[in-house]
Amino acid sequence: MSRFAKYAWFVTGYTILVILWGAVVRITGSGAGCGNHWPACNGEILHRPEYIETMIELSHRLTSALAGFFVLIMLVWAFRKVFEHNQKLIRRMTVMTFIFILIEGALGAALVRFELVADNASTARAVMIALHLVNTLILLGFSTAAAWAASQPNEVRFRGFSTDSTAILTGMLGILLVSAIGAITALGNTLFPSETLIEGIQADFDPNAHFLIQLRIWHPAIALATSGFLFWYGYRVVNRDDVTPQQTNHVNALFTVITLQVVVGFMAIFLLAPIWIQLSHLLLADVMWMVLVVMAGHALTEPVSKQKRAQNPAEATLDEPVSAMA
């Protein structure tokens, strides 16, 4: 594995840590720790935090800014390095990673500036927090794709859509929907915690309950439907006569993560979603997303043999650099 590939995987792993720390900000109600000031904290660029909420929010901003810096390094490196394989694909995925981390920062700033934090239970906050998590997954997906492309030992090319790629992309859309609803569910659990499981279930079906509580029932329902679809697809793959060991490993990894995610999800319901359960649930969602991205990469591309490159030199030069500094 090249140094760039290792660095790209590092950036992807660091991004997950920032995502988890962002969840800590929400769970602890620390989103307003710096007031409605951004990028300054409580009106100061160099602010000395005096409260734990300010420390949590300020540290999240600093780690997020560091993530942006890491992605910028990856972007510059991608355009200065001459790759042996998949140069155009790597650069495109890196550019998209940079674009979506800028959007991520803008969404975070909007949440603070419009005071969609702390005890705010408005529809606007629900929509924004759902968009925020969806954008986060897309960012993580492009970062994973860049690392995957840089890790391939051979040239790959787009093979067009197939039954496999369509099923995987459908599953990915399902995960995005589940995550969006899950973000709203987590917000409802944070703002309107239940003392007991029975109290929580009664609140879910109370027609007079806040809309954030009424929406909670949809998250496990859509999650189970999406999980069922992915299990159905996985079993179809592993039962084919031409299944490869690589496909089997991917499906086994997907099955393992889905199973753990469902178990942790039900634990969150019965244990009233303590912070460690919420973070575990989010971490597993990120890992599941990365597994699907890697599966999509293999389903949408195929290796280009040296013979094919020799037969079609015009296509073979598509990924060759114009110059070493391109």
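## Asp164 and Arg240

Asp164 counts as buried because its relative accessibility is 14%, and the cut-off for buried is under 20%. The model described here is predicted. The side chain of Asp164 forms a salt bridge with the side chain of Arg240, at 2.5 Å from N to O. Asp164 belongs to helix 5 (residues 163–191), while Arg240 sits in the loop between helix 8 (218–238) and helix 9 (245–270), so this pair ties together parts that are 76 residues apart in sequence.

Arg240 has a relative accessibility of 26% and therefore counts as partly exposed. The Asp164 end of the bridge is thus buried, whereas the Arg240 end is partly exposed.

## Salt bridges in the whole structure

Side chains of opposite charge can pair when their charged atoms come close. How many salt bridges does a search of the whole structure find? The search finds 4, and the pair of Asp164 and Arg240 is one of these salt bridges.

## Glu302 and Arg157

Another salt bridge joins the side chains of Glu302 and Arg157, with an N to O distance of 3.1 Å. This pair links distant parts of the chain: Glu302 is in strand 2 (residues 301–303) and Arg157 is in strand 1 (residues 156–158), 145 residues apart.

Are these two residues, Glu302 and Arg157, buried or partly exposed? Glu302 is partly exposed because its relative accessibility is 22%. Arg157 is also partly exposed, with a relative accessible area of 26%.

## Arg61 and Glu57

A further salt bridge is formed by the side chains of Arg61 and Glu57, at 2.9 Å from N to O. Where do these residues lie? Both are in helix 2, with their positions 4 residues apart in the count, which is about one turn of the helix.

Arg61 has a relative accessibility of 12%, so Arg61 counts as buried. Glu57 is buried as well, because its relative accessible area is 5%.

## Ser30 and its contacts

Ser30 is placed in the loop between helix 1 (3–27) and helix 2 (52–80). Its relative accessibility is 0%, and Ser30 therefore counts as buried.

Which residues does Ser30 contact, leaving aside its neighbours within four places in sequence? The contacts are Val25, Glu53, Ile56 and Glu57. Glu57 thus appears twice in this report: Glu57 is in contact with Ser30, and its side chain meets that of Arg61 in a salt bridge.

Note on methods: Residues numbered from 1 in each chain as written. Predicted model: local features only at pLDDT ≥ 70, side-chain atom pairs only at ≥ 80, totals over all residues. Heavy atoms only, no water. Helix = DSSP H or I, 4+ residues; strand = E, 2+ residues; numbered from the N terminus. Buried < 20%, exposed > 50% of the residue type's maximum accessible area, 1.4 Å probe, protein only. Contact = heavy atoms within 4.5 Å.
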